[in-house]
Amino acid sequence: MNLKNVFVFLIAGLLASGVYAQKRSLTEQADDAYISQQYVKAVELYKKAYSKVKANRQEKDRILFQTAECYRLIDNKTEAIKTYKRLVTAGYYSAQPKIFLYLADLQRFEADWDNSEANYREYLKLVPNDVLAKQRLASIPMAKQWVNHPTMHQIRNEKAVNTEWNDWGPHFASNEDKNNITFTSSRPSEEQSEKDAWTGQYFSDIYTATKQSDGSLGEPTLLSIEDVNTSVNEGELIMLINGKTNNIYFSRCNVKDKTHQTCAIYMTPIVQSKKGKAKKTTKKATTSKTDNKNTNDNAAKSDSKDDAENSTFVKIDLGDTNYNYLHPAVTSDELTIYFASDRPGGEGDYDLWKATRKSVDEPFGNVQNLGKVINTPGKEEFPILRTDTRLYFSSDGHPGLGGLDLFYSDNVNGQWNEPSNLQYPINSPSDEISIIFNEAESATVATSESGYFASNRAGGIGGDDIYSFYRSPMLFTLTGKVRDDKSMQPIASAKVKLIGDDKSVLETRTDRKGVYAFNAEQVKYNVNYRIQVAQVDYFNTEGTESTVGLTTSKDMIHDFKLIPIPKDPVVLPEIRYDLSRWELKDQYQDSLSDLLIILVNNPNYVIELGSHTDSRPFPTLTNDTLSQRRAESVVDFLHKRGIEFERLVAKGYGDRIPRTLKSTITVEYNKKKFTFPNGVTLTDAYIDSLKTKDEREAAHQLNRRTEFKVLRSDYIPRDVRDSIEDAKLKAPIVNMVNEQKDADMDVPIIYTDNHIRLTMINGKLSQLYIILNGKAIPTIYDERYKDMAVLDWDVAMDLLLQGRINKDDFAAKDKAFDEDGNILDNSVLTFRSAYIGKYWTDRFEVLVRKGMQQKMIINRNGLAQFGHFTFNKQKGEIVFDK
């Protein structure tokens, strides 16, 4: 034996006897324990060392910081918060800015949102680029919202299996046995009486419990599979039964033989039979726990190839053994294993990784990080597969409520999508880990949902407890009302089509009140829907609803307003051309986007596109030719975007139809604004009468326009015609245009001069006729009436149904109507046209009132809207000034 070996053995002996340790200070011993992750031991040594340090303020603060770190790492939140606050008071955050970050994290775990937010902001003043801190700060408002709007899950503590220690990691006994679960516990037992210096808990073992008829868990027993539970930490066991093989995977952390804990994933060994064919085996179950038989990486190569029954579980080689590998999740074909690890090359503290193999006879390899969509600068742990393409896991890096929250992500075409938080009350401000779902419940269908998970939330029995959860089936309905956008009246028999991205198509029609409905059997979970609404003589419209990601039942309401097809041409938004040119300029093509949408949503429409010029001639071509070419340029634009030529009629009107304004319009020309009144026709005579050249140019600009109008709504799209096998329907289709004459205005000619003779009703009431929007209304003149003008509700509703007034004529617009389209009492209504004989006003305001005995009443101030007048009571006439 050489001197070097003698020295090594001597040191080892001193360490074992404690002689060497006695020569080291309390601070050094505490630091050694901390480095070895023996935090329970370290915190006691730091507390003793703190009292021994007298004059060195910097060292006292360092020891206090290490003490706070130990409390944080053993999850003693109360003491950790107290100690970090002492460090803030001492100003030690200048040396350790993360004091604010850790304090904010702990306060967030306690749902102390305001103080947590304040400390995140203090930390970000010192470390402004910390992405994780920014994300956690931003998640606080979301966490508050989730707590205030919980999902429908009911949570129950499974008291029969929980203890004052940590109980976590529920898994079903196997992929074929969903009536029993396994879980991990740090409780003491006859076989386990030693504590872990890292956690202060007893070394963990795996237990099993049976589900009762009500879904609760019965009394647990120690797992009886030989060689799984040992004198070190075991946890997170899963068993996959494929054919005749039972394959087990679990975590094991060995802290006994080393001062630094290392964790690895173990599995049923692959051994070679006599014929050289790979074979898997699992140890038989036994009623007692065997002595710990530590295995090495070569355990699969047994000295006796025929003695497969005696082989022990083997450690899966997933990389450098200086790092930890935990929490196995294995696909149903056992070709992919997901796990958590702190190995380098990840995004944060612990990341989720995967390893693969080509067959079950080979070892796992090709270790890959799951990437930035799943992993964050924080921790991602405890992966569990609900299906081979849906992964549940815990994270404190994604936006959540506090500590580790439960998330899920779906693998679509080889890519993981953005993780979804399970929200409150499954998640809480504390830690939630290891969620499993009971059998016969699809991961994508809104059936009832139940299962188990672990949490260290407040109100539990011990540290981590196992909880069950249950949610009643989620049901979704969709209803709404379809109204006329102008009259606000319900539209009966409108066709409503519900189109899902699951390729479902449903159709219904509105009832006489304009109501449509799709029931809970028709509206499915996790589907994006388009709602198309159509009715004759209206522009079609479309809306969207979705049940994707919903966590509670929902009765969706989606109302629609259909715009009537106007009889007069509709002027398109401003489209300008170069002088004497017709090419559509790029910057004005967006002006046609609304028209394109109308044509796409209304595939049965045929429209005319009419283009107009101003009256000034061009030397190279006529106005008729120029306007025709400009109309054709709009047709070409729409055709290139998929609209059939057969639906587009180009017509150039030249300067033959000067524009009549339907409303007051303000336009800008040469950086000046000019206003033109409602009702004016922009003839040459009118334009020549304008004062300035710029104002005249602005008027000419209004005359240069492109309009569209619907010619008919019975066009059959070409693809529909091509699919019809009936020869008659395949023949050329001629659609007749139906013209409807305007209804009679029902306007009696009563007054021919400025003398308005009143008719006496019952010898008491003075009546005259006022023509409102073309309808003659018998009106009582009463000078003593308190309101200027009041119109009977029934008369107003008749005018609404006749189309003589619409919602835009009401001061409150949409809010002037109830849900059935009825005008609300005392609504303010303004008529665009009101006549008494030759006297008129373009703004006549009335109140609409229910229960009146007369159709309309007007007082002196109301009548004065038509001009100055005198009332001769003796003659019973009103005389307007000439």
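## Disulfide and backbone outliers in a predicted model

A disulfide joins Cys-253 to Cys-263, with an S to S distance of 2.0 Å. The model is predicted. The count of disulfides comes to one. Cys-253 sits in strand S7, residues 245-254, and Cys-263 in strand S8, residues 262-267, so the link ties together parts that are 10 residues apart in sequence. The dihedral about the S-S bond is 115°, and the link of Cys-253 and Cys-263 is right-handed. Are these two cysteines buried or exposed? Both Cys-253 and Cys-263 are buried.

Another cysteine can be placed on the same scale. Cys-70 has a relative accessible area of 0%. Buried means under 20%, so Cys-70 is buried.

### Backbone outliers

Most residues other than glycine have a negative phi, and most peptide bonds are trans. The cases below depart from that pattern.

Where does the loop between strand S20 and strand S21 hold a cis peptide bond? The bond joins Tyr-424 and Pro-425, and omega is about 15°. Pro-425 lies in the loop between S20 (420-421) and S21 (432-437).

Gln-423 is found in that loop between S20 and S21 too. Gln-423 is not a glycine, yet its phi is positive, at about 65°. Its relative accessibility is 18%; the cut-off for buried is under 20%, so Gln-423 counts as buried.

Asn-526 belongs to another loop, between strand S27 (515-518) and strand S28 (528-534). Asn-526 also has a positive phi, near 65°, in a residue other than glycine. Is Asn-526 buried or partly exposed? Its relative accessible area is 31%; partly exposed runs between 20% and 50%, so Asn-526 is partly exposed.

The two residues with positive phi are set side by side here.

| Residue | Phi | Loop | Relative accessible area |
|---|---|---|---|
| Gln-423 | about 65° | between S20 and S21 | 18%, buried |
| Asn-526 | near 65° | between S27 and S28 | 31%, partly exposed |

### The whole protein

How many helices and strands does the protein have? The secondary structure comes to 17 helices and 49 strands. The protein has 882 residues, and 48% of them count as buried. Take the contacts between residues at least 6 apart in sequence: 57% of these join residues at least 24 apart. The accessible surface comes to about 45100 Å². Carbon and sulfur atoms account for 49% of that surface.

Definitions and conventions: Residues numbered from 1 in each chain as written. Predicted model: local features only at pLDDT ≥ 70, side-chain atom pairs only at ≥ 80, totals over all residues. Heavy atoms only, no water. Disulfide = S-S within 2.5 Å. Helix = DSSP H or I, 4+ residues; strand = E, 2+ residues; numbered from the N terminus. Buried < 20%, exposed > 50% of the residue type's maximum accessible area, 1.4 Å probe, protein only. Contact = heavy atoms within 4.5 Å. Areas by Shrake-Rupley, 256 points an atom, 1.4 Å probe, with all protein chains shown as cover.
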